[in-house]
Amino acid sequence: MADLTVDQDVRLRRPAGIRSIRLGETKVSYVPDGDVRLRPLSVLPGTTDEVWAAHPEYLDAAGHLVGSVGALLVEHGDRALLIDAGFGPQSHEAPEGPISTIRGGALPDGLAALGRRPEDIEAVAFTHLHADHLGWACHPAPGSDRLVFGHADYLVSEPEWDRRDLLEAQGMTEQVAALAPRVRTVADGQEIFPGVRVRITAGHTVGHAEYVITGGGRRLIAFGDAVHSPIQIDHPEWSSAFDHDQARTADHRHRLVAELAEPGTIGFGVHLADVVFGRVQRDGDGPAWRPLDS
């Protein structure tokens, strides 16, 4: 048990690489695009210096929370779906605020390592329309003026797309224009791919969506930005500074944590550190989020 604890502590301080699990005939893989370093007190304003002093395992040498940035590849037979599209070939740093640094650019290489080309992706389903999830859906392929996934449908929840004016107000008019020709809106409960259903869980954004993937007697909940750090599994009341409606997100996160503790249920958090797949185990012995890799 001690070795497992040490390994998990190391993993909490590094972004995730490619990791895959199987749900019967369906394979799901985390495809890295880059990483993000977050200022803990800013991103989780409900926390205190004392909280982080008691949990140094979550922080890197600079005192930042380490997060992953990427996408989830869902493969069923010859078909392939991508959930989210990373940050794209760019980087950003800020002297203050929740984000210290964020970078992307690795997603196409990750897909190639998994044996997939961008042309294989029939649709890109978005959890929500923030820049670190739109990424490669709005950027041309290297050395080209054509979008990487320009042949694919872009699936966006109806309420999220209905309020795209919120994005335009944040200076994302170009991204909205790039998405618009390919957008197909989806509704709560809709099956968008074999074994994959949409679940609209507004809070982080007005139309934030989760994706529930079933197969082999198990289900995986890709919960998007309902959780940014595994420490929130132990403290679902701690909402992110990025949440559009922090109280609503906290209410949902309480329900989500209970659901993730049910038998046969796996969670996927695209922004968690190198623990993107996991189960919730409430036994009072260590953190509730237990990484799962197979």
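## A tour of the predicted model

The protein's secondary structure comes to 10 helices and 16 strands. Keep in mind throughout that this is a predicted model.

**Whole chain.** Start with everything shown as a C-alpha trace. Along the principal axes, the C-alpha atoms fill a box of roughly 50 × 45 × 35 Å. The radius of gyration is 18 Å, which agrees with the value near 19 Å for a compact globule of 294 residues. Colour by accessibility next: buried residues make up 51% of the 294 residues.

**The open sheet.** Select strands β10 to β16. These 7 strands form an open sheet in the order β10-β11-β12-β13-β14-β15-β16, and the pairing is mixed. β10 (191–193) and β16 (289–291) stand at the edges with a single partner strand each, so one side of each has no neighbour in the sheet. On average, and with direction ignored, neighbouring strands of this sheet are turned by 35° against each other.

**Strand β14 and its partners.** Narrow the selection to residues 265–268, which are strand β14. In a regular strand, side chains alternate between the two faces of the sheet. Are the two faces of β14 covered or uncovered? Both are covered: T265 and G267 on one side are buried, as are I266 and F268 on the other.

Add residues 218–222, strand β13, which runs parallel to β14 and is joined to it by 4 bridges. Within this pair, L220 stands opposite I266, and I221 stands opposite G267.

Now add residues 277–280, strand β15; here the strands run antiparallel, with 2 bridges joining β14 to β15. Which residue of β15 is the bridge partner of G267? It is G278. G267 can therefore be centred in the view with I221 of β13 opposite it and G278 of β15 as its bridge partner.

**The largest cavity.** Rolling a probe the size of a water molecule over the atoms shows where empty space is left. A search of the whole structure finds 3 cavities of 30 Å³ or more. The largest cavity holds about 60 Å³ of space. To display its lining, select L12, L38, Y58, L65, V66, G67, H228, S229, P230, H271, L272 and A273. Which strand gives the largest share of this lining? Strand β3 (residues 65–76) does, with 3 residues. By class, the lining has 8 nonpolar and 4 polar residues, and no charged ones.

**The second largest pocket.** Move on to V36, I99, I102, D132 and F242, which lie nearest the centre of the second largest pocket among its 14 lining residues. This pocket holds about 300 Å³ of space. At least two lining residues come from each of β2 (26–38), β6 (99–103) and α5 (131–134). How many residues of the lining are charged? There are 2, alongside 7 nonpolar and 5 polar residues.

**A last stop at D84.** Select the loop between β4 (79–83) and β5 (91–93), where D84 is found. Most residues other than glycine have a negative phi. D84 is not a glycine, yet has a positive phi of about 70°. Is D84 buried or exposed? With a relative accessibility of 2%, D84 counts as buried, because the cut-off for buried is under 20%.

Notes:
Residues are numbered from 1 along each chain as its sequence is written. This is a predicted model: local features need pLDDT of at least 70, side-chain atom pairs count only at pLDDT 80 or more; totals for chains, interfaces and linings use all residues. Side-chain values use heavy atoms; hydrogens and water are left out. Buried means under 20% relative accessible area, exposed over 50%, partly exposed in between (1.4 Å probe, protein chains only). Two strands pair if DSSP finds at least two bridges between them. On a 1 Å grid over the protein atoms alone, a cavity is a set of points where a 1.4 Å probe fits but cannot get out, and a pocket is an open set with protein on both sides within 12 Å along at least five of seven lines; lining residues have an atom within 4 Å of a point. Grid points are joined across faces, edges and corners, and a volume is the space filled by probe spheres set on the points. Ala, Val, Leu, Ile, Met, Phe, Trp, Tyr, Cys and Pro count as nonpolar, Asp, Glu, Lys and Arg as charged, and the others, Gly among them, as polar. Axes are lines fitted to C-alpha atoms, for helices over the stretch in contact, and angles run from 0 to 180 degrees between N-to-C directions. The radius of gyration is taken over C-alpha atoms; the globule rule is 2.2 Å times the number of residues to the power 0.38.
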